[in-house]
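Please read this report with the chain open beside you, and follow each part of the fold as it is named. The account moves from a loop to the sheet and then to the pocket.

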Amino acid sequence: MKTRPWFGLSAAAATFALLITPAVTQAAKSGGVATGDPAPNFTLTDSNGTEHSLSDFAGKTVVLEWTNLQCPFVKKFYNEGHMQAMQQQYTEGGDVVWLLIASSAEGKQGYLTADGWNSAVESQGINSTAVLLDTSGEVGKLYAAKTTPHMYVIDGEGTLRYQGAIDSVRSTKTGDIEGATNYVAEALEAIAASSEVPTETTTAYGCSVKY
């Protein structure tokens, strides 16, 4: 994980940075961040070689999706395009940023090179804003990401509003998506409506993150 100074940021980004910077140390000590607390800032390079910091997206809602395309729980949402459709639906207006984070270490299940990720994005029609490479696992451990998928929703003020499972049915069956409560969609709709998120924290399910 890289860090960089806050000078030169816009006023909105600087305010966001001030909110989230103190959370980094606390999150690192506790192994995660509590829902309702400031989300810790981080900087990662994407599969195209561009650096992104969480603070870059001040004023926007940010979805963090820990992923491993070889995991059957991830395939549940990607094989028939459900996750891709969600990504497109919520990012097309420009108010939501969707970041895939790949924390699989080199040599472990789910690891892909930058070129491998770009090929996967094209072949699977992935509609995330970016794929962020976290092969050291530092950001995953900062957020205590335990499974793939593991989902986090951060509002425009930098507050973590939801973390946990993508939905309420703990299975690998695509057919179980219909009828399940999608916690991420609920959180995004609530934030857009300036409402309370109905379910703020759940236990994520899926494959273990391959640190």
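Ser194 is found in the loop between α6 and β9 (207-208), where helices (H or I, at least four residues) and strands (E, at least two) are DSSP runs, numbered from the N terminus. Ser194 has a positive phi of about 55° although it is not a glycine. At 72% relative accessibility, Ser194 counts as exposed, the scale being buried under 20% relative accessible area, exposed over 50%, and partly exposed in between, with a 1.4 Å probe and protein chains only.

This is a predicted model, in which local features need pLDDT of at least 70 and side-chain atom pairs count only at pLDDT 80 or more, while totals for chains, interfaces and linings use all residues. Residues are numbered from 1 along each chain as its sequence is written, and side-chain values use heavy atoms, with hydrogens and water left out.

## Unusual backbone and distant neighbours

Most residues other than glycine have a negative phi, and most peptide bonds are trans. Besides Ser194, a positive phi, near 60°, is found at Ala144, which is a residue other than glycine. Ala144 is placed in the loop between α5 and β6, and with 18% relative accessibility it counts as buried. The peptide bond from Thr148 to Pro149 is cis, with omega near 0°, and Pro149 belongs to the loop between β6 and β7 (150-154).

Ala145 lies in the loop between α5 (138-142) and β6 (147-148) and is buried, its relative accessible area being 3%. Measuring from C-alpha to C-alpha, Ala145 and Gly32 are 7.8 Å apart in space, although 113 residues apart in sequence. Another such pair begins in the loop between β4 and α4, where Gln109 lies; this residue is partly exposed, with a relative accessible area of 32%. The C-alpha atoms of Gln109 and Lys210 are separated by 6.5 Å, while the two residues are 101 residues apart along the chain.

## The sheet

In what order do the strands of the open sheet lie? The sheet has 7 strands in the order β2-β1-β5-β4-β3-β7-β8, with mixed pairing, and two strands are said to pair if DSSP finds at least two bridges between them. The edge strands are β2 (51-53) and β8 (160-164), each of which pairs on one side only.

The table lists four pairings within this sheet, each with its sense and its bridges.

| Strands | Sense | Bridges |
|---|---|---|
| β3 (61-66) and β4 | parallel | 6 bridges |
| β4 and β5 (130-133) | parallel | 4 bridges |
| β1 (43-46) and β2 | antiparallel | 3 bridges |
| β1 and β5 | antiparallel | 2 bridges |

Single partners make these pairings easier to follow on the model. The bridge partner of Leu64 is Leu99 in β4, and that of Leu100 is Val131 in β5. Leu132 in β5 stands opposite Ile101, and Leu132 also stands opposite Asp46. In β2, His52 is the bridge partner of Leu44.

Is strand β4 (residues 96-102) mostly covered or mostly open? β4 is mostly covered, since 7 of its 7 residues are buried. Both of its faces are covered, with Val96, Trp98, Leu100 and Ala102 buried on one side and Val97, Leu99 and Ile101 buried on the other. Together with helix α4 (residues 114-124) and β5, strand β4 makes a right-handed β-α-β unit; right-handed here says that, with the strands pointing away from the viewer, the path from the first strand over the helix to the second runs clockwise.

## The largest pocket

Rolling a probe the size of a water molecule over the atoms shows where empty space is left. On a 1 Å grid over the protein atoms alone, with a 1.4 Å probe, a pocket is an open set of points with protein on both sides within 12 Å along at least five of seven lines, and lining residues have an atom within 4 Å of a point.

The largest pocket has a volume of about 230 Å³; a volume is the space filled by probe spheres set on the points. Its lining is made by 14 residues, of which Thr61, Asp95, Val96, Leu188 and Ala192 lie nearest its centre. The elements that give two or more residues to this lining are α3 (82-91) and α6 (183-192), and α6 gives the most, with 4 residues. By kind, the lining of the largest pocket divides into 5 nonpolar, 6 polar and 3 charged residues, where Ala, Val, Leu, Ile, Met, Phe, Trp, Tyr, Cys and Pro count as nonpolar, Asp, Glu, Lys and Arg as charged, and the others, Gly among them, as polar.
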